[in-house]
Amino acid sequence: MPLIVAEGLERSFVVRKRAGRLRRQSAQVNAVAGLDFAIEAGEMVGYLGPNGAGKSTTIKMLTGILVPTGGRLEVAGLEPSKHRTELARRIGVVFGQRTTLWWDLPLRDSFVLLQRIYRTSPARHRANLAEYVELLDLGDLLDTPVRQLSLGQRMRGDITAALLHDPEILYLDEPTIGLDVVSKGRLREFLRTLNAERDTTLMLTTHDLQDIEALCRRVLVIDHGRLVFDGSLPDLHRAGGSARTLVVDLLDEAPPITVPGAQVRRIEGPRQWLSFPADASAAPIVAAVAASYDVADLSIQEPTIEEVIKDLYQR
Amino acid sequence: MLYVAVATRAFRRYSTYTAATVAGIFTNCVFGIIYSYAYLALWAQRPNAGGYDAVDAVTYVWLGQALLMTVALWGGGATDDITQRIRSGDIAIDLYRPVGLVQWYLAADLGRAAYHLTTRGLAPTIIGALLFDIRWPGTVQAVVGVSIAIPLAVTVSFATRFLVASTAFWLLDAAGPKLLSGVLAMFLSGMVLPLVIFPEPLRSIALALPWASYLQTPADIWLGNRTGWSLLSGLGLQALWVVVLLACCQWVLSAATRKVVVQGG
Amino acid sequence: MAEALTHVTTYRDIAAMWVRSSLAYPVSFATMTVGGLFITGLDFVGIWLMFGTIDSLGGFSLPEIALLYGATGLGIGFADLVVGNVERIGVMVRMGTLDQMMVRPVPLLLQVCADQFALRRVSRIVQTAVVFAWAGTYVDWTVPRILVAVIMVVSGGAIFFALFVMFSCIQFWTTDASEFANAFTYGGNTLTQYPLTVFPQELVKILTFVLPIAFVNWYPCLYLLGRDDPFGLPTWLQFCSPVVAALLLALTALVWRTGVRHYTSTGS
């Protein structure tokens, strides 16, 4: 029995635009136009899509903040918009760009208040808090007002806040946005552990493919309100034919590099762009290039979600 | 001219809040109606209180509502930007500009006042005139006098609010002084009750203070209670306060600039 | 019933958090509270000064008007303290705070009202209580009158609660017009500070049967002061405050639910 079920899910908005000096024209925008998917308990699902694709709208419907205009949606056996408060006990939400913590108060106070709001048993709350404070390295920050925390610190606080009441599902809306590389890595590690140890279902919306790479076995791709892909990440790369790029700066201009597993796509002077399959490792290619050519510098470019989707459509 | 541009920009900025202005006009009218009836009841008991008759009294109520936002009696206006910029530290940018800070914000405040006068000043007055018997200025000197008195009132108010806002240079949070200033302004401008009704010696003291310039003086000119020499002296006192308070503003500003430069904000 | 009790505790917990937060800045808190005493007291100073020139206003003496003033002040004072923050719902919609609140297992209205709980608002309650107590020394108290007085303050608070919430709901549709509610809440308070005899009869009828703020203090006070209805309206109106309060609360629940439904149906 899947934990989250969407059938023909739709959400349209009426947008008013000015047409002339006084008149307004109404246009219907389909933010979500017929989504079908089912997520089992304990899955880690990535929800990918370019900006404006409908990801946030979907999350809002899943959490009950927004009422669908069509189709069926069921989360943990409940219809989210009808049973919002009941569902709220069983889910946790982390908004990437806004904090759910109380801005002027020390971090510790927010956690105390959340225990009361969610009516978590004090013992359970204490145990969870101790564990997350340690895992997320919040010990020194507990007495700092939230407004004085850095983005990364706040994000760790937000995640703790979302997990203290042992939710079955954790929604993360763009959680790594604006974080530095080290923080991103630590956050991903934490989420992996969370899913492994507590079997929390994770749904992560992002347009950073590396978040998905590190965390999700399953990927849903949405574009213009429609689901264009539902499967595993390797399948996605294969379906989209997406490629990583190795940018090689040779010491001198040279004819196109030939190494196994890569193809030259572009040459400009001593710089050459080689593409290779996204699920392949760069290491053997780099080694081959370095062995046979005089290399000044190398760098690797990852495929962007836009490229992946574009490729998906072309197939 | 630069300052005209500043004023125009302020005018336009406030004119974008249409819904808020409409809601504000509605509120003004509600309070105008309430106080009109209350004053009519008082003047029914004492028909010549403070030298006003009942029509004067009701007119005074609506003038009060009209000037409430124009003069920013309760606080607010361009000086709120100052407090905000002091808190964020952006004020340092303003202080290093080769433009007079006081003049700049005064121009902005006058632009705002012009907007509020034409919307939340005019509209409630017209509605008040439709609902009650209102006295309009009867002579040329009254019209001219009022047209001078109102900008002067805004300027005196601006200077006071500027001084209050500048306390943020030293106190970081100007909320306390702002509150105190608002209370004094409401009371001593005649907004709570016309100063002419106050018992002596409070009445004479209040009339000499800057807050009387906000409402009482323009109202008395409008009603024709200040004519000839009395009118001129009323305007003169307003102008005197303008000079004195703006000088205080400049003095405080230089003290603040020194503080910012020395301490680094 | 148990459900209602947990809501009260949740409100108390959230509010207590904000009180602690504001007490972290004791000087600021003290200034604002004391300042509040002066601001809210200005209205009464005005009335008191009026009585420097007259002996009665609309047929009522200063102590009698003080009773009216105190009663309506207590009503709006309690309402403002408990739910005053609902005025800012437009801001919450704009900033997305409302969404965050909706993700928690606590009723939305409760969270909206408990957010930014401002203990300093107690200054209005203190100031009007003092005036009311002074005016009370002029009242011929009997047990029924004490009962009516208590019910009056409670009902008055409930009526203002309803006004605050209902008129703030317009911000679900346009986030720009927060001052609209003021005309009814603070306007209603100012209006009922005066004996309704200063107003024309048609207006009093409207304030009885259409927008029933006359039940906040006017009708019960007529009973407390032992006065006949100056407009010749029936005496039983003087005991209807709790009924009016209950009706308005029911209406408020409806308006609030409609507002929230609009918000969840259209997004923002």
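Biologist: Where does Pro201(B) lie in chain B?

Modeller: Pro201(B) sits in the loop between helix H9 (175–188) and helix H10 (202–208) of chain B. Helices here are DSSP runs of H or I with at least four residues, strands are E runs of at least two, and both are numbered from the N terminus. Keep in mind that this is a predicted model, where local features need pLDDT of at least 70 and side-chain atom pairs count only at pLDDT 80 or more, while totals for chains, interfaces and linings use all residues. Residues are numbered from 1 along each chain as its sequence is written, chains are lettered from A in the order in which they are written, and side-chain values use heavy atoms, leaving out hydrogens and water.

Biologist: What kind of peptide bond joins Glu200(B) and Pro201(B)?

Modeller: A cis one, with omega at about -5 degrees. Most peptide bonds are trans.

Biologist: Why is Ala72(B) called buried?

Modeller: Buried means under 20% relative accessible area, exposed over 50%, and partly exposed in between (1.4 Å probe, protein chains only). Ala72(B) has 5%, so buried fits. Its phi is near 50 degrees, a positive value in a residue other than glycine.

Biologist: And what makes Cys248(B) partly exposed?

Modeller: Its relative accessibility is 32%, so Cys248(B) counts as partly exposed. Cys249(B) is at 0%, so that residue counts as buried.

Biologist: How do you know that Cys248(B) is too far from Cys249(B) for a bond?

Modeller: A disulfide is a pair of cysteine sulfur atoms within 2.5 Å. The closest cysteine sulfur to that of Cys248(B) is in Cys249(B), 7.0 Å away, so it's too far for a bond. Over all chains, the structure holds 0 disulfides.
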